[in-house]
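Welcome, and please load the model in your viewer. We will go from stop to stop, with something to select at each one.

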Amino acid sequence: MSQVLTEVLFIQEGESVPPQDLHRVVAYAAWHSLAWLVFANAVGVLLALMLIFPAVNGWLGEWTYGRWMPVHMNLQLYGWCSLPLVAFLFKAYGADRGAAARWSRPALWVWSAALAVGSISWLTGHASGKLFLDWTGYARVLFPLALLFLWAVLGMATVRGWRSQHFATWPARITKIAGLALLLLIPLLLYVASNPALYPPINPDTGGPTGASQLESVLVIIAVLLLLPYGLTKSKNGSMRTGALAWGVFVAEALLCMALGRGDISHHRPTQYISLGSLLVWLPLTPAYYSTFVWHENTRRWRVAFLCWWCILVPTGWCLFLPGVLDHFKFTDGLVAHSLLAMAGFVSSLLIFVLVQLLGEDGWIFNQRLSFYAWNASVFAYVLVMLYAGWREGNDAAFSLVPGLVRNVIYTTRLLLGVVILAASVEWLKDATRLLRANKQAAQGTGQSTAREVVG
Amino acid sequence: MPKSKPLARWSGGRGVGLIAITYVYFLIFAQFAFLKRLGALGIEETHLKPVMAAMAVGGILMSLAAPRWSGIPAPGLRLRIALLGCAGAAFLSLLPLTLFTSMAVALLIGCSLGLLTVTLVTHLRLWLGEGDLLLKVGMGTGLGYLICNVPVFFASAAGVQAMVAGGLCLAGLLCTREVAGRQWVEEVPTARVTSSWSFWRVLICFTALVWLDSAAFFIIQNSPSLKAGTWQGTAHLWVNASLHLTAALGSAWLLRRRGLAWVLPLAYIALAAACLLLLRVDGVVLASVFYPMGVSLYSVALVAYPSLLAPGSVEQRGRQAGWIYAVAGWAGSALGIGMGQHLGVVPPAFVVAAGLLFVVPGSLAFISRRRLEIAVTIAILLLSFGVDKLLDSRRVVQASDSAVERGRAVYVHEGCIHCHSQYVRPHTRDELMWGPVQTVAEVRRGAPPLIGNRRQGPDLSEVGSRRSALWLRAHFENPAEVSHASFMPSYSSLFQDRRGDDLVAYVQNLHANDQTSHAAHAREEEAWHLNPAERAGAIGGAQEGDDSSQGHQLFQDNCVTCHEANGSTRQRWAGSFRRVPPDLAKETLMHVNPASSSEEQVNQFAHIIKFGIAETDMPGHEYMSDRDISALSRWLMQQRHYPPTQPNRSTGESQ
């Protein structure tokens, strides 16, 4: 199966793309992603500040904490976490080169415009009350249409590239068409899922998601993890067994998930936490699976980082779901810590790894030593500090409700760590801007020089 | 690039000196001391205008003529003539002038300055030597402004200032020898820093900046209150001097890295901020920071652009310099002063219009480069608008629109869900604090359920049964006033329209309708007691009157706002309480039986503190610790046993 997928999606070497055009669309997508990351991180710092100095709310009129929160969360999710995957799709469908590349930039613009409209809508008090599905009114129509336009660009790239190397075989064509069909569902699903009348299963003992829901979400991430390499690189020779094993386990877990059903079931039920515990198998399997592919040397740092975060995320996530533990940490900073571990730790390093692989030599923009360590160390420290806060809060709700010295020290530490995280993202955005400028200069010049040479 | 010799790097002192002298002469003499001198001679108001007009005419004419005048081709000689003219005019101003002779001196000032500025910037490379030329320009400009702001000099008499300015011009003659005969290494990245700015765009932007600068200067200079807040007093002047020098050096650094595209907009932002801040009395202090920064930022560019950054030959740069100083310098300055004289303020609309000069050209260039992206984005935005309207027209309009439903929408829109949960977890501490528990089916009735995922504040699913409408209103208006140390933002703005009342109605409505679960919860509350150690401490302390500072502090933090006559909540909402909160030390308490034992009284106090009193405005303090409840109960008991008229046994003082 892995061989087929490699054949289907792998971008052939030696393709006739001018060197200055090779990464331009991807670099542009990376820039958009980073711009939203920086903005969302800046909002995060503002939110952390508001919890220490509530007077800041007063300075911003009606734009108080509650209105900034959806801006922060949704921009992280739909901006930073989504646009690198858009870059991946551009590459996988060949929309980063040739005539289709011309339409890829407008697709990114429309996406960013939808996020900007969404941000304005949340700040002006338009929200649906559904966390992470806060699209309502005009923005609820605009964002799916932005996705639809992206889909149209990918479709156009598919049609134009029908006879190219990427679509040389029928399996390749069928897989990509199937992928397009699935992608077409996303705008519709997003619109429907934003409906306030729909709500996922509820764990009656916590009010949060059930074990089955969590398993389902993680399996979606695992599916992405399993698919990503096929659009990014090629597999090593003789690596069939690990790939087959990974896909086999995935199918088994998907079946298990379906068997669990979608009822409102408590995490105290052994079926729930034992099923979720089945994810632990991915601790050894994910690194083993990724080691069967050939990666650009620039990705090493972030590949190690995302696999490390994964190895922390999966067991801690499971532990936090266990009876007694979840009862202690639910609604506390402990779960905020784990969210950050997931998003800023694992997902961010995975996305940067993907971008570096897509950018190849231009991936240097993410490889500054200082920003790498500043980001990862700050996220780790943040997780520890907030986990401690969550532990205290689980013992005594007043710990965070009535600010005291320890709570204030913790929140100030969080604020400072947030500033460091923001600074690291600013560094990447700055370098991405330099890369775009260099790409432009390279394109205006002879085309012989690469962006790296122009930047020097 | 050949490496500069260390001494050659510092060879541009002459250029730095000439720039500084020119600025000092223009700022302290032509713009300042000469006007003071005319005032002393009785040449004011209407008589002043022809004198200033003569100066402007001289400046404009000579700025335009100097680059085209081939009579004296040697730049050094031209500069010497200009400096002598400037010095002569300064010394002549010390004489007892009439209106006519004043006009003649003003004309001489204008002509000499026109010749001096245009000649200096056209051939500045001759005197700047080697090394970082932009830094030297920044240094010269910064020093010029710094000297003008040295308190002794700034506050001296007009005659002294004229003599110093004239003397400096004579000293400047020593700097006019050209640093020639060598192959100087230029370190000015001209192509990069000026590539996107045409000469006419630069000219228009400089004109706008000088206009804003002159208007702000005139307004400050002619209104004593503004003057006192900006450049009166030694400290103010030293701060101004430092700001000027820092901004000038910063401008040079920015010019080198980013060119005019950053420096001029930044100068505009600073000057615009200063002009807008001057509209408010409380904005003067901030204006006094922004103004010098803006002035120095663009002043460096005003020298650096025609001398170092503008593309073209020496002749072309000379002509451009002439236009810049004639139009932006002299005409812009006159227009700014005119605005200050006639309007007394810089109108915000003018500030915005000036800003457009900086934004529009760049925006147009950007739009022309990104036509496809912009067209597609606009098309999708319009299409979405159409689809949204279409869906809206087909949507079934909800007939019911109660205050509770509207309030729920306010709750959602304000993002209350990000701090407050609406889910009491069964078999946890939640139940006692915020119960009773609702079933999942009840929770699902909301569309969507507002369970939330993080508590920065208490759970609200049953808040309607724990808090009165008055308490909620007071809390929304000023949370910290009724809830000690609350970091929730104020939502007083919601009460400017009906949103606030709707929100109160919704939150008041947050409680389960199931009477059985409420009864069960009431029993649970009733069964609650302080833990044995704290209860024993409270009873013992109340009887023995031990140290009660913690209880007193808790009372101050949590109770005073309602239970003391001058409590802020009590005063503000005096007419709205169902029953005015009693003085806890003196008045009879309806829910504490004085005939009961100490143990029972402690228990009654503890229950009231923790759960409040139903059907009144008294809230509970559900998450207050047993230790705090014990300390507060103990203190309250002491107050009732040892009323304020008697000395307190624990402190020996009257309470």
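## First stop: a helix in chain B

Start by selecting residues 133-148 of chain B, which form helix H7; its 16 residues reach 23 Å from the first C-alpha to the last, close to the 22 Å expected at 1.5 Å a residue. Keep in mind throughout that this is a predicted model. Is H7(B) enclosed or open to the outside? Show its surroundings and you will find that 16 of the 16 residues of H7(B) are buried, so this helix is largely enclosed by the rest of the structure.

## Zoom out to chain B

Now select chain B as a whole and switch to a cartoon view: there are 31 helices and zero strands. Its radius of gyration is 38 Å, while the globule rule gives 26 Å for 655 residues; the value is well over the rule, so chain B is more spread out than a compact globule. If you draw a box along the principal axes, the C-alpha atoms of chain B fill roughly 110 × 70 × 55 Å.

Colour chain B by burial next, and 48% of its 655 residues count as buried. For a contact map, take the contacts between residues at least 6 apart in sequence: 82% of these in chain B join residues at least 24 apart.

Then colour by domain. The assignment for chain B gives domain 1 (10-367), domain 2 (403-515) and domain 3 (528-641). Place a marker at the C-alpha centres of domain 1 and domain 3 of chain B, and the distance between them comes to 71 Å.

## Cross over to chain A

Select the residues where the two chains touch: 51 residues come from chain A and 50 residues from chain B. On the chain A side, helices that each supply at least two residues include H3 (55-59), H4 (65-80), H6 (98-123), H7 (138-160) and H17 (398-401). Colour this side of chain A by residue class and you get 29 nonpolar, twelve polar and ten charged residues.

Stay on helix H4 of chain A and pick Trp68(A), which lies in it. Is Trp68(A) buried or exposed? With 22 C-beta neighbours inside 10 Å, Trp68(A) counts as buried. Leaving aside residues up to four places away in sequence, Trp68(A) touches Val43(A), Leu46(A), Leu47(A) and Trp63(A). For a distance label, try Pro403(A): 335 residues separate it from Trp68(A) along the chain, and their C-alpha atoms are 21 Å apart.

## Between two domains of chain A

Colour chain A by its assigned domains: domain 1 (1-199), domain 2 (203-291) and domain 3 (295-444). The C-alpha centres of domain 2 and domain 3 of chain A lie 22 Å apart. Their contact takes 19 residues from domain 2 of chain A and 16 residues from domain 3 of chain A.

On the domain 2 side, select H9 (211-232), H11 (270-277) and H12 (282-290) of chain A, each of which supplies at least two residues. Which helix gives the most to this side? H12(A) does, with five residues. By class, the side of domain 2 of chain A that touches domain 3 of chain A has ten nonpolar, nine polar and no charged residues.

## Last stop: confidence

Finally, colour chain A by pLDDT: the average is 89, and 91% of the residues score at least 70. Select residues 4-17 of chain A, where the pLDDT is below 50; this stretch has 21 contacts in the model beyond near neighbours in sequence.

Key: Residues numbered from 1 in each chain as written. Chains lettered and ligands numbered in written order. Predicted model: local features only at pLDDT ≥ 70, side-chain atom pairs only at ≥ 80, totals over all residues. Helix = DSSP H or I, 4+ residues; strand = E, 2+ residues; numbered from the N terminus. Rg over C-alpha atoms; globule rule 2.2 N^0.38 Å. Buried ≥ 20, exposed ≤ 12 C-beta atoms within 10 Å, placed from the backbone. Contact = placed C-beta atoms within 7 Å. Domains from an automatic or database assignment. pLDDT = per-residue confidence, 0-100. Expected span 1.5 Å × (residues − 1). Nonpolar A, V, L, I, M, F, W, Y, C, P; charged D, E, K, R; others polar.
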